[in-house]
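Okay, thanks for making time, everyone. I'd like to walk you through one chain today, so let me put it on the screen.

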Amino acid sequence: MTTLHQSVKQTEQHGPATGLTRWLYTTNHKDIGTLYLWFSFIMFLTGGCMALMIRAELFQPGLQLIDPEFFNQMTTMHGLIMVFGAVMPAFVGLANWMVPMMVGAPDMALPRMNNWSFWILPFAFGLMLSTLFMEGGAPNFGWTFYAPLSTTYAPPSVTFFIFAVHMMGISSIMGAINIIATILNLRAPGMTMMKLPLFVWTWLITAFLLIAVMPVLAGVVTMMLMDIHFGTSFFNAAGGGDPVLFQHVFWFFGHPEVYIMILPAFGIVSEIIPTFARKRLFGYASMVYATASIAFLSFIVWAHHMFTVGLPLAGELFFMFATMLIAVPTGVKVFNWVATMFHGSLTFETPMLFALAFVVLFTIGGFSGLMLAIAPADFQYHDTYFVVAHFHYVLVPGAIFAIMAGAYYWLPKWTGHYYNERLGRWHFWLSFIGVNITFFPMHFIGLAGMPRRIPDYALQFADFNMVASIGAFIFGFSQLLFLYIVIATIRGGEKAGDKVWEQPTGLEWTLPSPAPYHTFAEPPEVK
């Protein structure tokens, strides 16, 4: 407490810190949220450049631009950077900005730890990217780093990769503790749990998931480290270990991780759709329970990633049916979003466009996930481009579109200015078209049998790969427009008022229609 009084005294004497000092030492949740968001955007562009290298190589059959070893390094780094460096920090940034304001807290519960949990990240990813310049090159075993490929046959840089993963995990755990402490302890008087905004609920549940699974990831990379340097045989069959054990431990972390990357997206969309439908969210309580159900079920389905390892038949059946069960609470959420829009006074500003694209395209990803859940069918789909199409539909038009929707939705609140609506819509349509041209053809080449993570392919896959590569470049370069829009909004633009989305602006608003009457009732008399 003394330190807090001292820092307040210093601020009164010398004024608030400015320049680099402000950003290095800040304990302000808004500043830290901003740091997370800019860091995640830099990582998004970095991982995106790696994806464009992959797609450029796959533009036509044959090896033309990069050698196979570097191709494997690019697939590994792209996956790790997008998951741990782009999507997760972006959601943590949104949580830092919005959760204290939404619950009526003055700041996060543990502001100094908040600062530390951010500043670990640039060093973690600096370390990970530095492996590209090490002897033997960067890790080349895919973002899932399956043993024994990642232990027995890995380049020396794998040790640095393990250290980087530990640092990311520490950052995530501290961020999660902070969010839980803030939501449970700093709510404004009268704000009961069932009055929390949906975004806060989804983050509370996500934070518990993070605390549960990050130690599992730490455990599996520590076991890898022991196998590489200390003569243990956790994953080495010759020493009495089992490579499949790696997959069990990894996916026990990895499957809840997938939901960590999508639950906050559900929260963002649940904030945006009611605003632009001008109606309350349909079925608030069922949304909360559905989110909690998804979180619970995410822990008992990990082995659906492992149908081809030789599970017992009873195991295959259990994981198949448990996976299909997740479709129920997810379906509840989609139904509630659609019901919220039904009979609403809809307008289609950029946040709403991204939210609608999220609902439609995430549902496509969900349906392909159901196909992958069917154990006998999964034997055919496994390790083909169908799997790539599935998880990219969940993560790109899923998580990333939701992050963009949230950014557009809250930008006026953050900056005091409206973004350029016309440019926002251009960004949306270029992204939407690019994403679908990129990933939809992958369903077909996957069903036709093209394996993933391979730099060359047979001639019959050439046309769809060319289309996918063109789409990837459209999507990639359209993100530069997003960068321009954000910077232009920060620097100026039309002033935003107190109630950002309720006042008429120059954003092509339509006036809200009267409250809808029941379809089968007589229309109200006009006086």
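I'll start with the overall picture and then stop at a few residues.

One thing up front: this is a predicted model. So, what is the chain built from? In secondary structure we get 17 helices and zero strands. The radius of gyration comes out at 24 Å, close to the 24 Å from the globule rule for 527 residues, so the chain is as compact as a globular protein of that length. If you lay the C-alpha trace along its principal axes, you get spans of about 80 × 65 × 45 Å.

Now the inside and the outside. Of the 527 residues in the chain, 53% are buried. The exposed surface is about 23000 Å², and carbon and sulfur atoms supply 70% of that. For the charge people here: count 20 positive side chains and 24 negative ones, with the centres of the two sets 15 Å apart. And if you take the contacts with a separation of 6 or more, 82% of them are between residues 24 or more positions apart.

Here's an example of that kind of pairing. Ala-462 sits in helix α17, which runs over residues 462-491. Which residues does Ala-462 touch, leaving aside its neighbours within four places in sequence? Those are Phe-59, Pro-61 and Tyr-457. Gln-60 is 402 residues away from Ala-462 in sequence, yet the C-alpha atoms of the two are 5.8 Å apart. Ala-462 has a relative accessible area of 14%, and the cut-off for buried is under 20%, so Ala-462 counts as buried.

Next, the backbone oddities. Go to the loop between α5 (111-130) and α6 (158-185), where you'll find Pro-148. The peptide bond leading from Ala-147 to Pro-148 is cis, with omega near 5°. Phe-145 is in the loop between α5 and α6 too. Its phi is near 35°, which is positive, and Phe-145 isn't a glycine. Is Phe-145 buried or exposed? Buried, with a relative accessible area of 1%.

Last stop is His-343, in the loop between α12 (327-341) and α13 (350-373). His-343 isn't a glycine either, and its phi is positive, about 65°. The relative accessibility of His-343 is 38%; partly exposed covers the range between under 20% and over 50%, so that is where His-343 falls.

That's my tour, so over to you for questions.

Conventions. Residues are numbered from 1 along each chain as its sequence is written. Side-chain values use heavy atoms; hydrogens and water are left out. Helices (H or I, at least four residues) and strands (E, at least two) are DSSP runs, numbered from the N terminus. The radius of gyration is taken over C-alpha atoms; the globule rule is 2.2 Å times the number of residues to the power 0.38. Buried means under 20% relative accessible area, exposed over 50%, partly exposed in between (1.4 Å probe, protein chains only). Contact means heavy atoms within 4.5 Å. Accessible areas come from the Shrake-Rupley method with a 1.4 Å probe; for residues, only the protein chains shown count as cover. Lys and Arg count as positive and Asp and Glu as negative; His and the chain ends are not counted. The place of a charge is taken as NZ of Lys, CZ of Arg, CG of Asp or CD of Glu.
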